[in-house]
Amino acid sequence: MDVCLVNMPLASLSRPSIALGVLKPMLARAGIAARVLYANLWWVEYVGARHYATFLAPRTEECLIDWLFAGAAFPDFAPDHDAFLDMLFINHPDLFGEGEPAGRALLLELRAQMPDFVDWTARRVLEHEPRIVGCTSTFQQHVASLALLRRIRELDPSVATLLGGANCETVMGRTTHASFPWVDYVVSGEADGLIGDLCAAILRHGSDVPRDLLPPAVFAPAHRRDGYPRVDSGDGYARGTTADLSTVPAPDYDEYFFDEVHRFLYRDFVRPGLPYEASRGCWWGAKSHCTFCGLNGGGMAFRSKPAEQVIAEIDGLVDRYGSRRISTVDNIIDVKYFDSVLPHFAAAERKLNIFFETKANLKKSQVERFKRSGVNWIQPGIESMHSECLRLMRKGVAAWQNVRLLKWCRQYGVFAFWNVIAGFPGERDEWYAEMASWLPLIEHFQPGTFSQLRFDRYSPYFTRAADYGLALRPCRQYAHVYPLSPQDLADQAYFFTEPELALVKHLPERPGTRAVLDLMTRWKPHWPQLRKLELVHDGEATFVLDTRSCAKRERHPVDATDLLLLDACDAAIGDAELSDAVQAHGLAADDVAAHLAALLDAGLILRLDGRLLSLVLDRPEAYAPGIEFPGGSWLYRNRSAEHAADRDANADDALDPVQGA
Ligand code: SF4
């Protein structure tokens with residue numbers, strides 16, 4: 001085998017790696033044979049499914065998996081484990097359900113076992129006799145990948161080692177390369193356009209490709225000797241970019257579907273999804289970079305595949321692998337697809353279950369098109385329900401648009417992942433108090449989650465920290481993971497913190513954020529069965545059924561004027577527009593004003609941002625029965641008596657931070 005591409009922990013079990021799935025056919029185009037190996041599945045067999053479920057609880061920036069593998073990657077590094085575990089258990093006091101002392105002991109024991117796992121994995125990889133071993137590293141895969149490549153180097157120094165992925169972009173990749181000499185090549189940025197040339201050169205020249213044969217955006221042994229090349233953009237280091245996305249082939253997931261999942265010990269708990277990439281970058285971010293968003297690194301420019309290619313590739317993946325769950329990894333849907341890709345899947349006999357990320361300013365017809373096309377799950381980038389906060393983020397939407405989208409998603413039975421992020425520089429707690437004053441009115445819509453802002457590399461908060469009054473430092477956990485100097489740690493880290501930001505320090509104690517957090521926590525258990533606000537036409541009369549906890553009555557009788565007002569406010573309009581709309585029906589202004597006041601008082605219409613938005617659903621469509629998250633599901637938690645079922649958490653055993661998109 002020329003190349004083995006390895007997916008190390010922590011990576012989702014319930015879907016193959018799209019990064020490696022795309023590199024394999026790119027290598028094939030260059031005449032290079034590659035095999036993708038899923039060591040992330042092997043690891044779950046090693047630690048046990050019960051422990052794996054627990055590892056999903058901490059946030060990515062808590063670095064638990066990186067810490068677990070740090071002993072294998074850096075055997076001479078002896079950080080203060082107690083200090084690391086103190087930070088972990090403050091946030092997760094009963095991580096393993098057996099009390100903190102037992103949890104700490106278990107983690108230390110598992111950490112001590114990781115060198116054995118890495119050694120076993122390295123030997124298993126080397127059985128394929130590769131000449132190159134490469135790992136993809138995103139979020140918490142970095143230290144496990146470094147550990148594997150180090151062991152590969154020790155066992156067979158003739159094998160060239162290669163690392164890429166989001167954790168290797170620009171200065172992070174340079175730092176990894178400069179700090180860990182057992183990694184021969186590090187690819188910064190998008191690798192698909194250069195992997196063929198790079199691996200061809202490595203196969204010819206081994207672990208020391210001459211500098212002039214190296215593609216740009218690759219850090220190589222020659223640079224350790226002669227210095228790293230600098231560029232005039234970003235943080236000074238190059239990144240690979242594929243300008244024409246139509247040159248990127250459909251991913252090859254053969255190893256995952258035809259080999260690994262079949263023999264996986266816990267295969268009965270896996271409902272695999274099919275990741276697919278139709279576009280890269282973000283057309284909104286290219287215009288107005290959301291202040292907190294670190295996605296895309298230096299590759300914000302939006303690029304998308306032609307619609308006919310998207311259709312053919314998705315159909316081909318479904319034909320080959322038999323799963324109808326398509327999880328696009330795009331940051332934001334190309335709006336052209338509403339009139340090209342989506343109608344194809346709406347008309348197709350074979351119904352798919354698709355996930356897309358989108359901007360929240362959708363029209364009602366676009367939400368309906370999602371539903372008819374099988375897009376049952378979306379992530380619309382809702383990060384607040386207060387327009388001032390959204391302005392701080394430069395999200396380009398207002399709170400009324402976010403509420404309206406949640407309503408239409410509930411109307412058509414489309415799941416929408418959303419969240420309220422708190423802790424933005426310049427935010428005011430009274431905004432959260434204002435949010436909390438009306439949030440109970442929408443508890444018949446899908447609940448979201450509440451989280452604290454994190455500062456990511458490449459976000460405007462990072463690149464222009466001084467403008468925002470921020471003095472960012474790498475999250476404290478990194479110092480317990482990497483044996484690096486403070487400067488190198490700052491260059492390696494992706495997640496940052498601002499310990500002195502007063503507003504963030506005491507989020508749970510602030511009355512406004514506390515109120516929002518409490519509301520959102522209480523929301524989920526009652527939805528969707530117990531909370532309704534919808535028109536009922538029972539043959540004789542029409543009324544609004546209201547089972548929200550804030551309901552003033554369970555049945556609100558509505559007459560023709562009420563229905564007219566509710567309809568006029570479906571998409572949210574201002575008072576003047578409403579006045580124009582009802583005047584056409586010849587209604588007396590006083591009468592309209594009285595009806596509107598009553599609807600506002602009953603919470604059937606919400607006044608927000610100077611607009612009037614009806615919150616009432618009209619014969620809402622049910623969610624598709626038994627529908628599962630297209631990104632794949634890891635069902636172990638639902639079946640375990642020891643772990644409470646949690647649909648949202650289970651829906652995505654993922655590992656991705658909620659922030660972004
Ligand atoms: S948060 Fe979403 S919309 Fe904003 S720049 Fe990032 S990817 Fe684009």
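The shell around the ligand holds seven nonpolar residues, five polar ones and no charged ones. Here Ala, Val, Leu, Ile, Met, Phe, Trp, Tyr, Cys and Pro count as nonpolar, Asp, Glu, Lys and Arg as charged, and the others, Gly among them, as polar. Twelve residues surround the ligand, and Cys282, Gly285, Cys290, Cys293 and Asn331 come nearest. A residue is near a molecule if its C-beta atom, placed from the backbone, lies within 6 Å of it.

This is a predicted model: local features need pLDDT of at least 70, side-chain atom pairs count only at pLDDT 80 or more, and totals for chains, interfaces and linings use all residues. Residues are numbered from 1 along each chain as its sequence is written.

Now to strand 3. Five of its five residues are buried (20 or more other C-beta atoms within 10 Å of a residue's own, C-beta atoms being placed from the backbone). Strands are DSSP runs of E, at least two residues long, and helices are runs of H or I, at least four, numbered from the N terminus. Ile132, Gly134 and Thr136 lie on one side, Val133 and Cys135 on the other. In a regular strand the side chains alternate between the two faces of the sheet.

Strand 3 has parallel partners, where pairing takes at least two DSSP bridges.

| Partner of strand 3 | Bridges | Opposite residues |
|---|---|---|
| Strand 1 (residues 3-6) | Four | Val3 and Ile132 |
| Strand 4 (residues 160-164) | Five | Leu162 and Gly134 |

Strand 3, helix 7 (residues 142-155) and strand 4 form a right-handed β-α-β unit. With the strands pointing away from the viewer, the path from the first strand over the helix to the second runs clockwise.

Notes
A residue is buried if 20 or more other C-beta atoms lie within 10 Å of its own, exposed if 12 or fewer, and partly exposed in between; C-beta atoms are placed from the backbone.
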